[in-house]
Amino acid sequence: SFTVSLHKADNTTVTIKLKPGLLPSCRIRMKNVFRTELKITPGENVTFTFTCSTPEKYFIMEIQKNIDCVSGLCPFGDVHLYPLGLPRLNRTYSWDVKASTKAGLELKFSTSWLRQIEPGETCPDSVSYNISSCIDKAMVNIGTFCRNGSVSRIKLLGGVFMSLHLPWHLPLTTSGFNIANRSSIKRLCIIESILKGESSITLMSPNYPLGFPEDELMTWQFVIPSNMRASVFFHNYSLSNCERKEERVEYYIPGSPSNPEVFKLSDSQPANIAGSFNMSLQGCDQDAQNPGILRLLFQVVVQHPQVDENVTHLVDLSKEKNMTVTIHVEGWPSHVPLMSEPICLICKDPRTCDRVLTLTSGSIYRISFLCKDLSRLRITAEKGIGCMDIRFCQRKIYSLSVPKAITRLPIRLYKFIWKLLATDMINVEITSLSLKLQQDVPEQRCNTNYSYSIVSATPETKLNLGVFCPGGSIEKIQMRNNITISLKMFGKGLINESVPQDLKMSFVPHIKDECMFTVSPNPKAEVYLQTPWPYGLPPYVSISWFIVVPSQQTARLAFSTDRMGIACETGRAFVNIKEETLGAEEIVRREDELLPQPRNMHHNFWVNVSNCKPVDKTPLTLQFWVTFADKQIDLGVILGVVAGAGVLTAIGLTVYCVKKKKKKIQNPMVGVYNANVNTQMPGKKGLLGKGRQNNESHVYAVIDDAVVYGHLLKESNGSVAPEVDVYRPFDGPIGSLPPSPPPFSFRKDIKRSSNAEEEPSSLLDTDQDTYTFAHHKSGQSEDNGDANKNGKGDTNVPLLENKEQDGLVE
């Protein structure tokens, strides 16, 4: 059994009751009376037992003591846990101290001190303190604290409500605090925090996160060793709607020429403070209709002075445009935890430091680092280059290299991003002539310490080309729309002046395909090329490669698979191969056909891949590779050439002899029979140049379309284009334009058809020829009808506001 005896003068009440939500499986017994709750008031002496052996599972206990410091003397000194001999239950001790609002009560904590925690957080040992203050009969929650922290004293204006929560198994006999004295403080509260050595603490404003009381003032006092440095960081704050005054933070820093130093909550707070200092939070008169919430969660970090804190690094961005440079700790911005240990700080002046510092173009900075290990810092930079009018941009070449202002810093570059912006009819050309680029594919991985990620994007389509690195065969990439190029570093390497950078870009006129590569391989190289990997080619997007074949070399082209590996829901997917030589065969394959077998290419050639809308959103990923071998000289060809030369020589001699003989023959006399005269009646001239009775030219194994309809082409001189997309073989050098797929509007007509499976009659009349490419002859203007059908032909929507007369935005 338990006996609890309360003296009347102690003004203490003990209450034992069931835990919320539990059934009364265990009861309290007093003189054969069973109950689920027991309240013992001052002056009572009660003996009771429990009907179960583990009452701590069912019951909790509350012990409340009222202390009057207004009409009587305050019991200064240690506050004891009273009464003794209580059952071992989870218990809460509460002290309600009444005091005058003109005098502040000081609570002093034992050597373990306290650590403030956020609402909902629990203490490791389940021992927690909750401190509140009473102002004008309103309770203000100062905060919840655990043991083992830095908060040594709290002064509060007016009364105090203090509670201590203890677990049933902890035999604690002391409260851990005392009431030290009372004195006027003229503010809500003062919290003293003593930091010894390198450490970090987190503190919150009263009533966090519900809101700081209106027009109140409170202060934190930080005791810092004189040989240490402290920095303040605001992690979470919000502002109320002020009618009068202004919410602010004030610092009193010994030795400062402008005490108090006033900051807005949105400002970077002071850093690298030598020794102790005070920080105060001042509220305002809030709007009664819409008061808003003033709250603050901040952190103070204390660390030793850094050896190189006086070493400054010049970062000259005065000549740069549209560029930002961010210096940050590793893991930013996705993972930046609250600081629990000494950290790296970046300072743009001796008192303005943070874990993240952003520098903008057009300025000069002198920065320093408060960091023992600079390898934990990273640089992320971004630069924008734009073109609104091709007339002002076409001849300009921009170097996509990291500025020296960044490479000279003793920090690793994590990422440099170039955002290239242009209007619809302007394209971006990326070149790397000396280093060249290599596409990072499984068969040919990049092994450099940096690489480039290239992405283009429009409201309709995002084309992620993948990753590229130096040391390959790609000289040029032309892309439509807005381009983002991200240079990313790997390993421990640094981008500095010794690392070659060869990437350049320029703005060029509009191209038909979404992307076009120019590949100039080493004659001994084996080059792997692939549609965007691993993302695949988006629907209705076309991409081309122009492969340069060195003289005296033969290229071997082969695909890694037999088929494209997709099924089209609407439209058709194509692969086109065409050598850049007169009369070369154009090879066309659809997605439902076998891809071409490995073949030798003797001249520069194009490979074009265009996608449909695949079933089940299956990405089109197609890979091919190119190898080179020396051209073989065929002996039969040489003999044939020699024999042909001999025949030509003999024919020339025969013609010469016949002409000499004719000169000796006189013209025949009139009336003499001439066997060469045509004795046939005048009539329509036949198509054949010779009579069928004299030769077998009328006998055909295969009748070619060009023979049957050739006269129609001659009559029109090739200037009349057919009215539908039918096959027209590629004739003549291509120059800079690749073979291109049928217009997208022609392919999308299938999608717009009421029956998606029924193709237009023009597609069904012929098989493969219908899906080959029609090209304009030189001198003809390109038909933009297809673009107009898609709503893009006549539109020219600017992506940037043209604020400069030359139309260029860098």
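The legends below accompany several close-up views of a predicted model.

**Figure 1. Overview of the protein chain in the predicted model.** The protein chain has 810 residues, of which 43% count as buried. Its secondary structure comes to seven helices and 55 strands. Among contacts between residues at least 6 apart in sequence, 81% join residues at least 24 apart.

**Figure 2. The largest nonpolar core and a second, separate core.** The largest nonpolar core holds 84 residues, and the members that touch the most others are L465, I477, I485, F507, F517 and W545. This core draws at least three residues from domain 1 (319-343 + 366-513) and at least three from domain 2 (521-632). A second core, separate from the one just described, has 76 residues, including L38, W220, M228 and M279.

**Figure 3. The surroundings of I485.** I485 is among the residues of the largest nonpolar core that touch the most other members. When residues up to four places away in sequence are left out, I485 touches L400, F416, I417, W418, L420, I430, Y452, S453, I454 and L503.

**Figure 4. E593, a buried residue with no salt bridge.** E593 is found in the loop that runs between strand 50 (586-590) and strand 51 (599-601). The nearest side chain of opposite charge belongs to R590 and is 4.1 Å away; a salt bridge requires the charged atoms to be within 4 Å. The side chain of E593 does, however, reach the backbone nitrogen of R590, at 2.9 Å.

**Figure 5. K578, a buried lysine with no salt bridge.** K578 has its place in strand 49, which covers residues 574-579. For K578 the nearest side chain of opposite charge is that of E586, at 6.0 Å. The side chain of K578 reaches the backbone oxygen of A584 at 3.1 Å.

**Figure 6. Two cis peptide bonds, each ending at a proline.** Most peptide bonds are trans. One cis peptide bond joins Y82 and P83, with omega about 0°, and P83 lies in the loop between strand 8 (77-80) and strand 9 (90-98). Another cis peptide bond joins W533 and P534, with omega about 5°, and P534 is found in the loop between strand 45 (527-530) and strand 46 (542-547).

**Figure 7. K245 and Q552, two residues with positive phi.** Most residues other than glycine have a negative phi. K245, although not a glycine, has a positive phi of about 65°; this residue lies in the loop between strand 21 (242-244) and strand 22 (248-252). K245 counts as exposed because its relative accessibility is 53%. Q552 is likewise not a glycine and has a positive phi of about 65°, and its place is in the loop between strand 46 and strand 47 (553-559). Q552 is exposed, since its relative accessible area is 59%.

**Figure 8. S53 in its loop, shown with C26.** S53 lies in the loop between strand 6 (45-50) and strand 7 (59-68). With a relative accessibility of 72%, S53 counts as exposed. From C-alpha to C-alpha, S53 and C26 are 8.9 Å apart in space, while in sequence the two are 27 residues apart.

Terms used: Residues are numbered from 1 along each chain as its sequence is written. This is a predicted model: local features need pLDDT of at least 70, side-chain atom pairs count only at pLDDT 80 or more; totals for chains, interfaces and linings use all residues. Side-chain values use heavy atoms; hydrogens and water are left out. Helices (H or I, at least four residues) and strands (E, at least two) are DSSP runs, numbered from the N terminus. Buried means under 20% relative accessible area, exposed over 50%, partly exposed in between (1.4 Å probe, protein chains only). Lys and Arg count as positive and Asp and Glu as negative; His and the chain ends are not counted. A polar contact is a pair of N or O atoms within 3.5 Å; within protein, one must be able to donate a hydrogen and the other to accept it, and residues adjacent in sequence count only if both atoms are side-chain atoms. A nonpolar core is a set of buried Ala, Val, Leu, Ile, Met, Phe, Trp, Tyr and Cys residues joined through side-chain atoms within 4.5 Å. Domain bounds come from an automatic or database domain assignment. Contact means heavy atoms within 4.5 Å.
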